[in-house]
Amino acid sequence: MVSVAVGLYGPAYVRGFEHGRDSLTALGGFAGLFLSGMLLVVLADDAFLFMVAWEVMSLSSYFLVAFQHENAANRRAAFLYLLMAHIGGLAILLGYGVLASFGGGFAFEAMRAAPLTPGWASVAFVLAFIGFGMKAGLVPLHAWLPEAHPAAPSHISALMSGVMLKVAVYGFIRFVFDLLGEVQWQWGVAVLAIGSVSALTGVLAALLQTDLKRLLAYSSVENLGIIFIGLGLALVFLGTGHAPLGTLAFVAALYHVLNHALFKGLLFLGAGAILHSTHERDLEQMGGLLRRMPWTGLFFLIGCIAIAALPPFNGFVSEWLTFQAALQTWQLESGVLRSLIPIVSAVLALTGALVAATFVKVYGVAFLGQARSRHVRHARQVPFGMRAGQGWLAGLCLLFGVLPTAVISVIDGVPRQLLGAGLPQAAAHGWLWLTPVSPATASYSAPLVVVLLAVLTALALWSLRRGAVRRVRRCDAWDCGFAPPTARMQYTATAFAQPIRQVFGLLFHIEESVGRREDGAPRYQLSIGDRSWDLFYAPVMRAVESASRRVVRLQSGNVRVYLGWTLATLVLLLWIIS
Amino acid sequence: MTAVAWGAALLQALLYAALAPLLVGWIRKVKARLQNRRGAPVLQPYRDLRKLLVKEARVAHTASPLFRAAPYIVFVTTWLAASTVPLVAVSLPTAAIADIIVLVGLLALARFFLALAGMDVGTAFGGMGASREMLVSALAEPAMLMAVFTLAMSAHSTNLASVIDYQLGAFALRPSFLFALGGLILVAIAETGRIPVDNPATHLELTMIHEAMLLEYSGRHLALMEWAAQLKLLLYGALIANIFFPWGIGQSFTPADLGIGLAAVFLKLLALGAALAIGETVLAKMRLFRAPAFLNLALLLALLGLLSHVILEVGA
């Protein structure tokens, strides 16, 4: 229990003392409530306290989202968030209800001992998956996330994305891996499918955004998808009786939980720093920030490399572990599973590559090139506290990437407690070597990679910067001999994403128009909609509406009819009881 | 023993850097002969590199520090990636530091900085190149991973040395390997910017991908970028040659074995280079939006390889 709390709470604690920096006094109360709500969720030992803390977390974060309530869009986002949080909360409550009725009590101890039939266990699983998945922002229940996260102040966005989503993951793990008892591999398949869909649609949606914070929010959907892919693999392996492999996938998922908290927190703080000094969230207005804000630029670059799962940073390690787990599918007996998991890993690979494209776009457009607006041209360095917060997280990103064996030995307590076995072989060959299965199967030495990169770079620098050729002359950009480029001639974020938009356009609702040709000043307009609204929410909304229209018929306004209904209900209840 | 092994690894890394321009020179020569030209000497790429290294570097006013750091990062990362791929001998210690997935990751890191460098000066061509490069790589990377996963699953290891050992030990014509080979060749063509995806010889602004990102580079920075691209070509060549046709590669560090290994890989690369040159002469460059279809074919082949492995070969 405590180890889970420590594992999940490390980053929250970090963020806890950071968020004091640009906080407004009114914010403090709810932020504190929010934090303590999350803390209580993790510490809860029975379903009752869990649900109360869960609601405290949801409600206080509602007020944080609605903080800048003068803006109608923020109010709408906050309401959507509240609505979805309650539907999710209801599903979780029902899930606990199933467990409690079998176990005869709300304490986790009683639930753990509950003798569930497989059918009821599956019902409880589905309810928990819907409830926690909604909070975690899994597709198609993610609609609130890209609305609510950008609306909150930046450090709260960092907390929500970095920690609150992880609390949902914690809840899911606690419910499925701990309380439900025997897991079934079919659940794993469902989690894998939803996780893959989330990862892919999340990253594609992120790639198409031009609002920095919205982009980061969509990227959270993607990362949670990756985490759930790991958990799904773990469920599949555990359900088919391959406990060591299940542990490996589980550790990979937990590692990614930590990593995502670190780099997404870092990126949201970076976005907050940009917002602070330029009042801009729109990528199309940024540019050249690296030279105006070098420290933020450096830390943001680290965050981008880490989230793009590139070595030697932390995102790579968890993705590597997930791949290693997926590669062990040959041990499974079922041919269907053996061919399903490779497809999932193909999705994971595609996701990784698209994340790299997304963050090349973000960094290239925001920090490189020339400023696209006046505010941005005069951006200034943010205060020391904000830089320190980012630097701390950036350092942790590097540390978690370079010393995976140490991190895994910390995480290891969680599977040892929940699954009864850890992953001792990961660090069995010294801290230099990460060997999740065995050294013959796969090994990765992050410290040596870093050392070799550093040595070779130093060598290249030393050998090339000697002598007469050291000089570098500044001149205008060549650009194939055209006139010196202006800021408006740069590639924009929309232009950068255009090829990929064209390739994957079918997944989105895209409207594009250029105006008429005879127009003096044609304007290019582009709107990108989320298909999940058409495919999922609109039918649900219609169903709810038509159901309520039927219920409305009861409301005739006539007192006698109401009395008749009351009488009928009473008679019915008496009949049921007797 | 370990000292010898590390020595051999170092030697091999140097060999990569030394041989990379030669392969490019050879391909250009064959291509020229096929086009009835005499072509530049095979050693011309070395002269180009030397010329660029002693020239003064010019950097645009609008460039940030990242622009000047990127060539070093790109070159070093590609070089490190290359040194993990067995060239003349199998059981090198560098292969244990980084397996196939790390290799793909390192190449992605190099590409990340290459694309950022393309966007740095703020010219339209740089952004265009970066955008297209990321499109191509986003589609090529999954195909590459699927192809190497096919091998990794057969060998039960993602370690390149183990994969090659496995191939040497139990060589058989497997359908999955044929699919993987097809997929990997298509990926290699796309990733190294060869026809029909990109044309390394073009400076026609609207069609270039890789060259567009390098437009603003000059002097030693350009030399490093070019050298990195040559290294990448050699890396893919060695990967295909040594995984799918592993014969002759040195299995110990005796001079005789290393010599045979060197000769074998030399011949294999000559053949692969000639095949690439013939392919580039026969084919025309595709429109950019045909490239996704090309890469989807690669992904499909690689996935078929993986599926045929898990369905046909694991149970059997």
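What radius of gyration does chain B have, and what would a compact globule with 316 residues have? Chain B has 19 Å, which agrees with the value near 20 Å for such a globule; the radius is taken over C-alpha atoms, and the globule rule is 2.2 Å times the number of residues to the power 0.38. This is a predicted model, where local features need pLDDT of at least 70 and side-chain atom pairs count only at pLDDT 80 or more, while totals for chains, interfaces and linings use all residues. Residues are numbered from 1 along each chain as its sequence is written, and chains are lettered from A in the order in which they are written.

Let's walk along chain B. It holds 12 helices and one strand, where helices are DSSP runs of H or I with at least four residues and strands are runs of E with at least two. Two helices come before the strand, and the other helices follow the strand. Along its principal axes, the C-alpha trace spans about 60 × 45 × 45 Å.

Now look inside. Of the 316 residues of chain B, 65% are buried, meaning under 20% relative accessible area with a 1.4 Å probe and protein chains only. Contacts (heavy atoms within 4.5 Å) also reach along the sequence: among those between residues at least 6 apart, 82% join residues at least 24 apart.

Finally, the cysteines. The whole structure has zero disulfides, a disulfide being a pair of cysteine sulfur atoms within 2.5 Å. For A:Cys397, the nearest cysteine sulfur belongs to A:Cys304 and is 11 Å away. A:Cys397 counts as buried because its relative accessibility is 0%, and A:Cys475 is buried at 17%.

Key:
Side-chain values use heavy atoms; hydrogens and water are left out. Buried means under 20% relative accessible area, exposed over 50%, partly exposed in between (1.4 Å probe, protein chains only).
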